[in-house]
Amino acid sequence: MTETTEKKIALVTGAGRGIGKSIAEQLASKGHHVICLSRSAGSCGAVADAINASGGSAESLAVDVADRAAVTTACEQLLETHGTIDILVNNAGITRDGLLFRMSDDDWDDVIATNLSSCFTFIKLLARPMTRKRWGRIINISSVI
């Protein structure tokens, strides 16, 4: 296979539903192997199963992206299995809508851990193999919310 036709390994966080699911399906339709990651084994598993049933290539992984230790363990396992992640899509995110004055410290910490710190951790752990390979893509998605 040439570099342009080689099957890439793509990791999509928040792939259990919504935009993440659509991104995972689109990447699979382009011939990439997709790792569908979400907090819920049921939702990311269903997406991976649907991709595989339609002739694509996917696997699922349930990880709470707000848990830095769990993300670290998952990345180590993925790199051991796949060698590299070629495409990282940081899509997982949560909201805790409400007035600032009513937002608890725990809600704030949850939002920051899920929406920001998880991106930092995934990039920190997965970018080095991309750099060594001299090819990789990192896409960080945010919301108007």
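The legends below describe close-up views of a predicted model.

**View 1. Strand 1 is covered on both of its faces.**
Strand 1, which spans residues 9-13, is mostly covered, and five of its five residues are buried. In a regular strand the side chains alternate between the two faces of the sheet. Here Ile9, Leu11 and Thr13 lie on one side of strand 1, while Ala10 and Val12 lie on the other, and all of these residues are buried.

**View 2. Strand 1 pairs with strand 2 and with strand 4.**
Strand 1 and strand 2 (residues 33-38) run parallel and are joined by five bridges. Within this pair, Leu11 of strand 1 stands opposite Ile35 in strand 2. Between these two strands the chain passes through helix 1, making a β-α-β crossover that is right-handed. Strand 1 also pairs with strand 4, again in the parallel sense, and this pairing extends over three bridges. Ala10 has Ile87 of strand 4 as its bridge partner.

**View 3. A salt bridge joins Lys21 and Glu25 within helix 1.**
Which residue forms a salt bridge with Lys21? The partner is Glu25, and the closest N and O atoms of the two residues are 4.0 Å apart. Both residues belong to helix 1 (residues 18-29), where they are four residues apart, or about one turn of the helix. Lys21 has a relative accessible area of 34% and is therefore partly exposed, since this class lies between the cut-offs of 20% for buried and 50% for exposed. By the same reasoning Glu25, with a relative accessible area of 33%, is partly exposed.

**View 4. Arg96, Asp107 and Asp110 are linked in a network of salt bridges.**
The search of the whole structure finds four salt bridges, and this view shows how Arg96 takes part in the network with Asp107 and Asp110. The side chains of Arg96 and Asp107 meet in a salt bridge, at 3.6 Å from N to O. This pair links distant parts of the chain, as Arg96 is in the loop between strand 4 (87-90) and helix 4 (105-133), whereas Asp107 is in helix 4, eleven residues apart from Arg96. Asp110 forms a salt bridge with Arg96 as well, and here the closest N and O atoms are 3.7 Å apart. This second pair also links distant parts of the chain, for Asp110 is in helix 4 and Arg96 in the loop between strand 4 and helix 4, 14 residues apart. Arg96 is partly exposed, with a relative accessible area of 33%, Asp107 counts as partly exposed at 27%, and Asp110 is partly exposed at 34%.

**View 5. Helix 3 has a buried side and a face turned away from it.**
Helix 3 consists of 15 residues (residues 68-82), which at 1.5 Å a residue should span 21 Å, and its end C-alpha atoms are 21 Å apart, so the expected and computed values agree. Where on helix 3 do the buried residues Val71, Ala74, Cys75 and Leu78 lie? These four residues of helix 3 are buried, and they lie on the same side of the helix because they cover an arc of only 100° around the axis. The buried residues of helix 3 pack against strand 1, strand 2, strand 3 (57-62) and helix 4. On the face turned away from this buried side, helix 3 carries the exposed residues Ala69, Glu76 and Glu80.

Notes:
Residues are numbered from 1 along each chain as its sequence is written. This is a predicted model: local features need pLDDT of at least 70, side-chain atom pairs count only at pLDDT 80 or more; totals for chains, interfaces and linings use all residues. Side-chain values use heavy atoms; hydrogens and water are left out. Buried means under 20% relative accessible area, exposed over 50%, partly exposed in between (1.4 Å probe, protein chains only). Two strands pair if DSSP finds at least two bridges between them. A crossover is right-handed if, with the strands pointing away from the viewer, the path from the first strand over the helix to the second runs clockwise. The expected span of a helix is 1.5 Å times one less than its number of residues. The arc is that of the directions from the helix axis to the C-beta atoms. Contact means heavy atoms within 4.5 Å.
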